[in-house]
Amino acid sequence: RYFCYGCLFTSVTWTLLLFIYFNLSQESQPLKNVPVKGGQSFKYFPRKFQPRFTRSPSWLQGPNQHWGKEEGRKKAAELSPEMGMIFNEVDQEVRDVGYHKHAFNVLISNRLGYHRELPDTRNTKCKGKLYPVDLPSASVVICFFNEAFSALLRTLHSVLDRTPSHLLHEVILVDDNSEFTDLKEELDAYIKKNLPGKVKLVRNAKREGLIRGRMIGASQATGEVLVFLDSHCEVNEMWLQPLLTPIKEDRRAVVCPVIDIISADTLSYSSSPIVRGGFNWGLHFKWDPVPLSELNGPEGATVPIRSPTMAGGLFAMDRKYFNELGQYDSGMDIWGGENLEISFRIWMCGGRLLIIPCSRVGHIFRKRRPYGSPGGQDTMAHNSLRLAHVWMDEYKEQYFALRPELRSRNYGDISERLAVRKRLHCNSFKWYLDHIYPEMQVSAPNAKAQHPVFVNKGLRRPKVLQRGRLRNLLTSTCLVAQGRPSEKAGIVVVRDCDSEDPEQAWAYDEEQELILAGLLCLDMSETRSSDPPRLMKCHGSGGTQQWTLGRSNRLYQVSVGQCLMVVDPLSHKGYVAMGICNGSKAQQWRLED
Ligand code: LR7
Ligand code: MN
């Protein structure tokens, strides 16, 4: 009988050693880069980019770690500005690749996980409102193409978490033939494992675009009301009941929630002002202030507001009425124009389009659309052309005056849409302008699409909290513009401090902006975080111009997730850059007189 005691001993010892090592190393990993449930953020990276665990620097221990798994869920309403902190090259990649693919901060989105609390942005009077118990049931349709997994899952879970189950008939996800593998494989697995019953996934065999995509979703739905959402939304407290109530009262009411703002750079959720939809003669959607006549109800900003148009992505409508009214124009491709088309159709053909101030849904507002159309066509022009020919009568000339090159462009067959208009005995476009959108100026083309954020902020200047020079503690030099501060962008450098020099005078305000010489804001490129910081016109929407100044004197950039530092201090060239926050002297700054 032969038995290798030596082998047994060696293997037991090794197992023990490995076990001890593994446990100890777990203890020293508070920075473990996985608040991401499911770990999908690492999908994009080869193995060598798997997180390197490092011991947490002392400044990070303690109350700073708001983004930990459990914390993230509770505290997200009050997001820590350091949610996007970059600790290693994996974080950096997740962030940069995320911006490239999705045009928002995917690192923060992943860290938030799939559930978070949101600030309740409703008017307090909404909170006391009562809604009927026997409301119609809803099928929520979410069409998506190449969406970031965590954003899609947060959209989905926000609906599941905040909708009473007797009102939620089902959620239909329509995957518009996404190219990203995590969306295909992980989503399937995730739904099978975690989401029994109510969530259905439909896959388009080819890219259809959001218009036909929604039609496909709607055709699968069996609930009484259709609710459409973009794939990067979060529904807020009591969002659905206020939408269903007007539809129950009048099946021809089409209703939109107020679209709250989720920042693309920080994922912070903030309240949108109450605005309504309009458009310009370039056929771009825009937000308009609500005329006083619409706000006059005794309940102030809680009663439905008539809106000439909808933004497009977020609305609810009786399902049978959606079909009767002609669904969408299936000749429209990919993106654009369908929102004005359905708005005109609703009003001109006997329906009503309302914004419901007590229903709030957040949407991630990106600064660019991260995808194109398969053949690179301008689908917005194609779709707008179709809607102009079907619905705008002689007023299509207003559009052609701005886009003369489209006058002779082919727009395909519109006979089915003209038949819809005839079948429904719709009013003329002139009727629509006279009765629904009298503010529209004929022959004076107006401004481009605008986000409510810009409408809201107007000229209000945030309060300055602190003023002074920005001195680096390692070099004892001060942050200044490389050239003369002027209207145009330029990089910043450090030079000898001079307390008399007005061009070294910084102001730090309540919006966490750093403004030089009362003129320009310290700013970062949103896509290329390796670009040096620079001075730009202040845009007032946080993110790339938002800095925290505080603990350990570090100057932290909220959207880039890194700290400002002096590079190569011995060279005296004065260059600065962003780097992983490490508490070193090169990264310490003081705002002082
Ligand atoms: O080919 C595509 N297939 C898709 O499934 C292209 C897009 N999509 C999906 C996409 O993943 C997303 O979920 O369709 C949805 C909308 O696309 P976005 O998010 O790129 O559109 P947007 O938010 O930039 O644009 C607005 O205008 C569009 C015009 O076609 C749609 O109506 C969007 O739904 C609409 N979004 C909103 O109304 C949200 C509030 C924005 C404002 C103002
Ligand atoms: Mn969108």
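Helix α13 is a good place to enter this predicted model, because 10 of its 13 residues are buried and the helix is therefore largely enclosed by the rest of the structure. The buried positions are Thr379, His382, Asn383, Ser384, Leu385, Arg386, Leu387, Ala388, Val390 and Trp391. The cover over these residues includes α12, α14 (396-402), α15 (415-423) and α16 (429-435). In its dimensions, α13 (residues 379-391) follows expectation: at 1.5 Å a residue its 13 residues should span 18 Å, and the end C-alpha atoms are indeed 18 Å apart. After the helix comes Asp393, with a positive phi near 45 degrees.

Helix α6 offers a companion example. This helix covers residues 149-162, and its 14 residues reach 20 Å from the first C-alpha to the last, close to the 20 Å expected at 1.5 Å a residue. Since 10 of these 14 residues are buried, α6 too is largely enclosed by the rest of the structure. Phe149, Ser150, Ala151, Leu152, Leu153, Arg154, Thr155, Leu156, Ser158 and Val159 make up the buried set. In helix α9 (residues 241-249), the buried residues are Pro242, Leu243, Leu244, Thr245 and Ile247. Strands figure in the cover of α9, which includes β1, β4 (225-229), β6, β11 (315-318) and β12 (352-365).

These helices belong to a chain of 593 residues, of which 42% count as buried. The chain has 17 helices and 24 strands. Among contacts with a separation of 6 or more, 76% join residues 24 or more positions apart. The chain is divided into domain 1 (57-117), domain 2 (124-366 + 377-456) and domain 3 (464-592). Between the C-alpha centres of domain 2 and domain 3 the distance is 41 Å. Five residues from domain 2 and eight residues from domain 3 take part in the contact between them. On the domain 2 side, the touching residues comprise two nonpolar, two polar and one charged.

Attention turns next to the interior. In soluble globular proteins, nonpolar side chains tend to be buried together. The largest nonpolar core here has 101 residues, and the members that touch the most others are Val141, Leu226, Val227, Val255, Leu314, Phe315 and Ala316. Strand β6 (residues 253-263) is the largest contributor, giving eight residues to this core. The core lies between domain 1 and domain 2, because both of them give residues to it. Leaving aside residues up to four places away in sequence, Phe315 touches Phe228, Val254, Val255, Cys256 and Met310. Another core lies apart from the one described above; this second core has 34 residues, with Cys478, Val494, Leu564 and Cys581 among them.

The model also holds a ligand. Ligand 1 is surrounded by 23 residues, the closest being Phe145, Leu210, Ala311, Gly312 and Gly313. Three elements give two or more residues to this shell, namely β1 (138-144), α8 (210-220) and α12 (338-348). The shell is mixed in character, with nine nonpolar, eight polar and six charged residues. Two of these elements have already appeared in other settings: α12 is part of the cover over the buried residues of α13, and β1 is part of the cover over those of α9.

Some loop residues deserve a closer look as well. The loop between β22 (562-566) and β23 (576-579) contains Asp568, and His572 is found there too. Asp568 is not a glycine, yet its phi is positive, at about 50 degrees. His572 likewise has a positive phi, near 60 degrees, in a residue other than glycine. Are these two residues buried or exposed? Asp568 is exposed, with 11 other C-beta atoms within 10 Å, and His572 counts as exposed with 11 C-beta neighbours inside 10 Å; a residue is exposed if that number is 12 or fewer.

Ser530 provides one further loop example, placed between β18 (520-523) and β19 (534-536). With 11 C-beta neighbours inside 10 Å, Ser530 also counts as exposed. Ser530 and Val560 are 30 residues apart along the chain, and their C-alpha atoms are separated by 9.1 Å.

Notes:
Residues numbered from 1 in each chain as written. Chains lettered and ligands numbered in written order. Predicted model: local features only at pLDDT ≥ 70, side-chain atom pairs only at ≥ 80, totals over all residues. Near = placed C-beta within 6 Å. Helix = DSSP H or I, 4+ residues; strand = E, 2+ residues; numbered from the N terminus. Nonpolar A, V, L, I, M, F, W, Y, C, P; charged D, E, K, R; others polar. Core = buried A, V, L, I, M, F, W, Y, C linked by C-beta atoms within 7 Å. Buried ≥ 20, exposed ≤ 12 C-beta atoms within 10 Å, placed from the backbone. Domains from an automatic or database assignment. Contact = placed C-beta atoms within 7 Å. Expected span 1.5 Å × (residues − 1).
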